Amino acid sequence: MVMFLFLVVALAVVVAAVTLAVVGGGESAPLPEAAPERLQDPLPADRPVDHADVESLRFPLAPRGYRMADVDDALGRLGAELAERDARIAGLESALAGARAAAAPHGAPQGPHVPLDKPEGPEDRR
C-alpha cells in the first residue's frame, strides 16, 4: 500500500511539473508574434536573372502554402526580363536582316539563309 501511495504522489508531481512547463510557469503575457518567413534568396537586382538563379530560387512556406506576394514579385520580375530579352532578340534579328539586305547587290537574288552558328562546309558550297 505504501508503494502505491508513493507512485501516485510521484505521478502527481510529474504531471504538475509538466503542466507548469507547458503553461509557462504563470506568465500572463502571450508569446510574441513570430515574424513571417521571408524569401531568403531573392533574384539579383544588379544583373539579369540567369538559369542558375531560377533553379536556386526557393519560396518559403506560409501557413497556407507559399506567400503570394513573394511568388508574384518573382514571377513579375522574370516576366519583365523575358519580355526585355525577347524585344532585344527581335531588334538584333531585324538589324541583321537589314545588314544582309544592304550588303547584297541590288537586283541580285538573295542566297539561302546560312545560320551564323554553323560554318559553311565544302558540302554546302555545291
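**Entry 1: Arg 67 and Asp 70**

I looked up Arg 67 first and found it partly exposed, with a relative accessible area of 25%. My cut-offs here are under 20% for buried, over 50% for exposed and partly exposed in between, with a 1.4 Å probe and protein chains only. Its partner Asp 70 counts as buried at 5% relative accessibility. The two side chains meet in a salt bridge, at 3.9 Å from N to O. For that term I need a side-chain nitrogen of Lys or Arg within 4 Å of a carboxyl oxygen of Asp or Glu.

A note to myself on the source: this is a predicted model, in which local features need pLDDT of at least 70 and side-chain atom pairs count only at pLDDT 80 or more, while totals for chains, interfaces and linings use all residues. Residues are numbered from 1 along each chain as its sequence is written, and side-chain values use heavy atoms, with hydrogens and water left out.

**Entry 2: the other salt bridges**

How many salt bridges does a search of the whole structure find? I got four. One of them joins Asp 53 to Arg 47, with the closest N and O atoms 2.7 Å apart. Asp 53 is buried at 12% relative accessibility, whereas Arg 47 is partly exposed at 37%.

I also checked what Asp 53 has around it in space. Pro 42 is 11 residues away from Asp 53 in sequence, and their C-alpha atoms are 8.7 Å apart. Pro 42 sits in the loop between H1 and helix H2 (51–56) and is exposed, with a relative accessible area of 54%.

**Entry 3: Glu 81 and its arginines**

Glu 81 lies in helix H3. I take helices (H or I, at least four residues) and strands (E, at least two) as DSSP runs, numbered from the N terminus. Is Glu 81 buried or exposed? It is buried, at 14% relative accessible area.

Arg 77, Glu 81 and Arg 85 are linked in a network of salt bridges. The side chains of Glu 81 and Arg 85 come to 3.8 Å, N to O. Why are these two separated by about one helical turn? Because they are four residues apart in helix H3 (residues 68–103). Arg 85 is partly exposed, at 37%.

On the Arg 77 side, I found a side-chain to side-chain polar contact with Glu 81 at 2.6 Å. That term asks for a pair of N or O atoms within 3.5 Å; within protein, one must be able to donate a hydrogen and the other to accept it, and residues adjacent in sequence count only if both atoms are side-chain atoms. Leaving aside residues up to four places away in sequence, Glu 81 touches Arg 47, Pro 48 and Val 49, where contact means heavy atoms within 4.5 Å.

**Entry 4: the nonpolar core**

Which residues make up the largest nonpolar core? I listed five: Leu 43, Val 49, Leu 57, Ala 74 and Leu 78. Such a core is a set of buried Ala, Val, Leu, Ile, Met, Phe, Trp, Tyr and Cys residues joined through side-chain atoms within 4.5 Å. Ala 74 touches Leu 43, Leu 57 and Phe 59, again not counting residues up to four places away in sequence.

**Entry 5: H1 and confidence**

H1 is hardly covered, with zero buried residues among its 22. I then checked pLDDT, the predictor's confidence in each residue, from 0 to 100. The chain mean is 76, and 69% of residues reach 70 or more. Over residues 121–126 the pLDDT is below 50, and this stretch has three contacts in the model beyond near neighbours in sequence.
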